[in-house]
Amino acid sequence: MTTETHALGPHDPLPARPGPDPEAGASIWRLAARRLRRNPGALVGATIIVLFVLVALLAPVLAPYDGQALPGRAQIRPTYIPGPSADHLLGLDRFGGDLLSKLIWGARASLTIGVLSTLLGLAGGLLLGVLAGAFGGWVDMATMRLVDLVLSVPSLLLAVSIAAVIGQSPRAVVIAIGAVQVPVFARLLRGTMLAQRGQEYVLAARSLGLTRRTVTMSHVLPNSLGPVIVQATLMLATAVIEAAALSFLGLGGGSPTTAEWGRMLTVAQNELEVAPRLALWPGACIAVTALGFTLFGEALREALDPKTRTR
Amino acid sequence: MLRLVLQRLALLVPTLLGLSVLLFLWVRALPGGPATALLGERATPAEVARVNALYGFDRPLPEQYLTWLGQLLQGNFGVSTRTGTPVLQEFWLRFPATIELTLMALLFAVGVGIPLGYLAARHQGRALDHVTVGVSLLGVTIPVFFLAFLLKWVFAVQLGLLPSAGRLSSSMIATHPTNFYVLDGLLTREWDAAWDALQHLVLPAVALGSIPLAIIARITRASVIEVQNADYVRTARAKGLRPSRLRRRVVLRNAMLPVATTIGLQVGLLLSGAVLTETVFAFNGIGSFLATAIFSLDYAVLQGFILFIAVIYALANLAVDVSYGLIDPRMRAR
């Protein structure tokens, strides 16, 4: 056996390329995922989201009582609401409901409304945005004028007006908040699609003989989705807050004992002097959930487009 | 400059016309239609028919719309079905309260937000900067009505420093020529009334202004940081411009454009938030009136107020465009 160097045989390992580039050949999404994992904000946000989603999903298992149950009704006095105890870790509410159980069931109600309304807004916005961005011309004009018109009313007032027409129910809240989001998504998607249309790869695809529809649907649209996904994540925070606001105003229907964060705050405002914790807990839940979605959304934005990072 | 203002005002016309069509159709979509909204759900068909004939709800839709539009243009916004008073009268009674509240909130947001963002940018990476970033993050995630609760609980209930509800103490007797209570107190030289009204404004204004404050601080910070690193700032520094002058005339001025846009965008947020804040603080403005109007389906009030608010919103955006011209001379030339 000699130690002299020899030419590479077919079974020898290939020498490592000089200066390995970890970002070479990776897709935007994989790069984004890598940046996301390094971002502490993303981790905190994701942890909060996962936690609340788990609580919402496992509500029947986690909650000591049913959301509507009033296990402590006998202990309630007009000037006294029992605080935390072994039976009721966070104490009781005005009607004798277990605060912890209501918060847990409330997570389910609030997150469901938030997610459903954002999905609705996203679907509507995608439809209108693609319509405007793909067809251009008068379709674009008409869609965008309508979008401008709807955006000329402050969002909460718009949601309130819509909920007033549909009636007072969680369904009305979902539709109202979703409808308010439609113009935001539509305008965003149209804008990014228009910017993409001028790109060289579109020209290349067109000159290869692909139809306009194919280019729009399988090239321009997927490339325009990044900002929309970021916006949707941030919008989940807004949706949870606005859902709570509509319920707070009483548009979510149900009774005063309904386990929903916004509704719980409505009742709690009369007990501010007797039991402030009744307002603090649901309020904190709304704020923390919104914080989770906001942190994750911001991190996602930075990951997809490092240039936008707020230094 | 004048041309810009006129152009923008002209653009307002189609927007408002479009909005009036939407609002008109919206009232017709209300459960039971306008007649039921007027009479309540227990109305008999005969009563409904009578009201329909009386108010012309049985006429063809385009005709109804034109009639309604004509009335609007004459300043007739209909009568509140709940209180029986003309909408316009209710509006003049409550509108000043909301304007007072939103102006105070905006003042607080701008007055604290811009310096905070600016200082954070100048001391980037240090404690003040981290605090500002944290505050601006919290500001966008706390629901305005919850913040209102917190402030009310801490400063009114626990500490008893400020009044918790209303616009004026019930013991205070004052005259109100304009319905802007602070202004009234100053005009009539009832200083204690002005002071009392001002105290009632503090908590709602801080609650309402906090979210815009967070957003303004954040944008100011980002904008100042960007301008600080711009080439023209380095050039200005290199040619020996005094630092104080550099900061005021070059950095701050150039950084203000995105901030002006942001402030304009906050007006919608303020008007939305006013509904919630006024409800929590029992502040008798258009916000809390609107909240009650929703439940009684007081459609004339809703219709009129949404139009009013859209006009204010549009005018605020106009003001932002004009402020561009003031900040950036290049915009004036266009």
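This is a short walk through a structure with chains A and B, and it is a predicted model.

Let's begin with chain A. This chain has eleven helices and zero strands, so if you follow its elements from the N terminus on, you meet one α after another. Of its 311 residues, 43% count as buried. How do the parts of this chain meet one another? Among the contacts in chain A with a separation of 6 or more, 71% come from residues 24 or more positions apart. As you trace the chain, then, look for partners that are distant in the sequence.

One stretch of chain A also carries a label. UniProt, in an unreviewed entry, lists residues 107-297 of chain A as "domain: ABC transmembrane type-1". In the model, that span is 83% helix and 0% strand, and the C-alpha atoms at its two ends lie 20 Å apart.

Now find helix α10 of chain A, residues 261-268. How many of its eight residues are buried? The count is eight of eight, and the helix is mostly covered. The buried residues run from A:W261, A:G262, A:R263 and A:M264 to A:L265, A:T266, A:V267 and A:A268. What covers them includes α4 (99-135), α9 (212-248) and α11 (277-304) of chain A. Chain B takes part as well, through its helix α7 (144-158).

That brings us to the place where the chains touch. Here 33 residues of chain A are in contact with 37 residues of chain B. On the chain A side, α6, α9 and α11 each supply at least two residues. What kinds of residues does chain A bring to this side? They divide into 22 nonpolar, nine polar and two charged.

Finally, cross over to chain B and look for helix α12, residues 286-295. Why is this helix described as largely enclosed by the rest of the structure? The reason is that seven of its ten residues are buried. These are B:I286, B:G287, B:S288, B:F289, B:L290, B:A293 and B:I294. They pack against α5 (87-122), α11 (243-280) and α13 (299-327) of chain B, together with α6 (155-166) of chain A. You have already met α6 of chain A, as one of the helices that supply residues to the side touching chain B. After α12 of chain B comes B:L297, whose phi is positive, near 50 degrees.

Notes
Residues are numbered from 1 along each chain as its sequence is written. Chains are lettered from A and ligands numbered from 1 in the order in which they are written. This is a predicted model: local features need pLDDT of at least 70, side-chain atom pairs count only at pLDDT 80 or more; totals for chains, interfaces and linings use all residues. UniProt positions are given in the numbering used here, feature names are shortened, and annotations may be inferred rather than shown by experiment. Helices (H or I, at least four residues) and strands (E, at least two) are DSSP runs, numbered from the N terminus. A residue is buried if 20 or more other C-beta atoms lie within 10 Å of its own, exposed if 12 or fewer, and partly exposed in between; C-beta atoms are placed from the backbone. Two residues are in contact if their C-beta atoms, placed from the backbone, lie within 7 Å. Ala, Val, Leu, Ile, Met, Phe, Trp, Tyr, Cys and Pro count as nonpolar, Asp, Glu, Lys and Arg as charged, and the others, Gly among them, as polar.
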